[in-house]
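The following paragraphs lead the reader through a single structure, beginning with a helix and its surroundings and ending with individual residues of the loops and strands.

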Amino acid sequence: LLLALAILLAGGAGTRMGSSTNKQFLLLDNKPILVHSLQVFEECRPVDGVYLVVNQRDLPLIQEEILEAYKFGKIIKLVIGGRLRQDSVKNGLEAIEEPCDVVVVHDAARPFVSPAFIEKSISLMEMFDAIIPALPVKDTIKVISKEGFVSKTLERDGLWNVQTPQTFKYDLIMK
């Protein structure tokens, strides 16, 4: 049985969405989206623990309105995120004190993943070193010049929209 830990990224500012509230704190069925995402990992048997990566300024809100209110048993540690997503993932990885077999990285603002989907990605680590779910691109993608003109149309056949959770063997992602 593989020892699997999750890094749940909840440090985003939601700037692309243009909202004054971070996506993970918007309400869905009267609960913050973050709570729904945490519940999925709480219910996923093969996930042994969760490192919740948060924005420093959201720390009091998360401690009072999420952790105290919902009592999640799998949260090992709150980790302060970095400037970019990759920095936040790195901070989450560096917070892991005991080596594990598998690390599952997921965006907290994406609550509709199922425990079965996460479990499947962990079980595939018996055969692969990394798994990323992806969907084929359906839209036409254009490359635009600095002047704002179309310079190229990309072939859809080789383009995929990458999703989360992204699952890695611990040793690989640490490299």
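In this predicted model, helix H1 is mostly covered, with eight of its 11 residues buried. The residues concerned are Ile33, Leu34, Val35, His36, Ser37, Leu38, Val40 and Phe41.

What does H1 pack against? One partner is helix H2, where Ile62, Ile66 and Tyr70 meet Leu34, Val35 and Leu38 of H1. By class, this contact comprises six nonpolar residues, with no polar and no charged ones. An α-helix has 3.6 residues a turn, so positions three or four places apart point the same way. On the H1 side the contact includes Leu34 and Leu38, and on the H2 side it includes Ile62 and Ile66.

The geometry of the pair can be stated briefly. The axes of H1 (residues 33-43) and H2 (residues 59-70) come within 11 Å and cross at roughly 40°. The two helices are therefore oblique to each other, since an angle has to be under 35 degrees to count as roughly parallel and has to reach 65 to count as roughly perpendicular. The crossing is right-handed.

The discussion now passes from the helix pair to the nonpolar interior. The largest nonpolar core has 29 residues, and those with the most contacts inside it are Leu8, Leu34, Leu38, Phe41, Val47, Leu52 and Ile118. At least two residues of this core come from each of strand E1 (4-10), H1, strand E4 (47-54), H2, strand E6 (102-107) and helix H4 (115-123). H1 provides the largest share, five residues. Leu34 and Leu38 thus appear both in the contact with H2 and among the core residues with the most contacts.

Leu52 illustrates how these elements are brought together. Apart from neighbours within four places in sequence, Leu52 is in contact with Leu8, Ala10, Leu34, Leu38, Ile62, Ile75, Lys77, Leu78 and Val79. A second, separate core of 16 residues includes Ala95, Ile96, Val103 and Tyr170.

Tyr170 offers a way into that second core. This residue is found in helix H5 (residues 170-174), and its relative accessibility of 11% places it in the buried class, for which the cut-off is under 20%. Which residues does Tyr170 touch, not counting residues up to four places away in sequence? They are Ile96, Pro99, Cys100, Asp101, Val102 and Val103. Two of these, Ile96 and Val103, are also named in the second core. Tyr170 is separated from Glu64 by 31 Å between C-alpha atoms, the two being 106 residues apart along the chain.

The backbone has several notable points. Most residues other than glycine have a negative phi, and most peptide bonds are trans. Asp29 has a positive phi of about 55° although it is not a glycine. Its place is in the loop between strand E2 (27-28) and strand E3 (31-32), where Asp29 is exposed with a relative accessible area of 64%. Lys71 likewise has a positive phi, of about 50°, without being a glycine. Lys71 lies in the loop between H2 and strand E5 (75-80) and is exposed as well, with a relative accessible area of 63%. As for the peptide bonds, a cis bond joins Thr164 and Pro165, with omega at about 10°. Pro165 belongs to the loop between strand E11 (160-162) and strand E12 (166-169).

Is a loop residue such as Asn55 buried or exposed? Asn55, in the loop between E4 and H2, is buried, with a relative accessible area of 18%. Beyond its neighbours within four places in sequence, Asn55 is in contact with Ala10 and Gly11.

Two strand residues complete the account. Val162 lies in strand E11 and counts as partly exposed at 46% relative accessibility. Not counting residues up to four places away in sequence, Val162 touches Ile132, Pro133 and Ala134. Val162 and Ala10 are 152 residues apart in sequence and 18 Å apart in space, C-alpha to C-alpha.

Ile80, in strand E5, is also partly exposed, with a relative accessible area of 30%. Leaving aside neighbours within four places in sequence, Ile80 is in contact with Val53, Val54, Gln56, Leu59 and Asn91. Ile80 and Arg156 are 76 residues apart along the chain, and their C-alpha atoms are separated by 37 Å.

Terms used. Residues numbered from 1 in each chain as written. Predicted model: local features only at pLDDT ≥ 70, side-chain atom pairs only at ≥ 80, totals over all residues. Heavy atoms only, no water. Axes fitted to C-alpha atoms, helices over the stretch in contact; angles between N-to-C directions. Helix = DSSP H or I, 4+ residues; strand = E, 2+ residues; numbered from the N terminus. Parallel < 35°, antiparallel > 145°, perpendicular 65-115°, else oblique. Left-handed = near helix turned anticlockwise from the far one by under 90°. Contact = heavy atoms within 4.5 Å. Nonpolar A, V, L, I, M, F, W, Y, C, P; charged D, E, K, R; others polar. Core = buried A, V, L, I, M, F, W, Y, C linked by side-chain atoms within 4.5 Å. Buried < 20%, exposed > 50% of the residue type's maximum accessible area, 1.4 Å probe, protein only.
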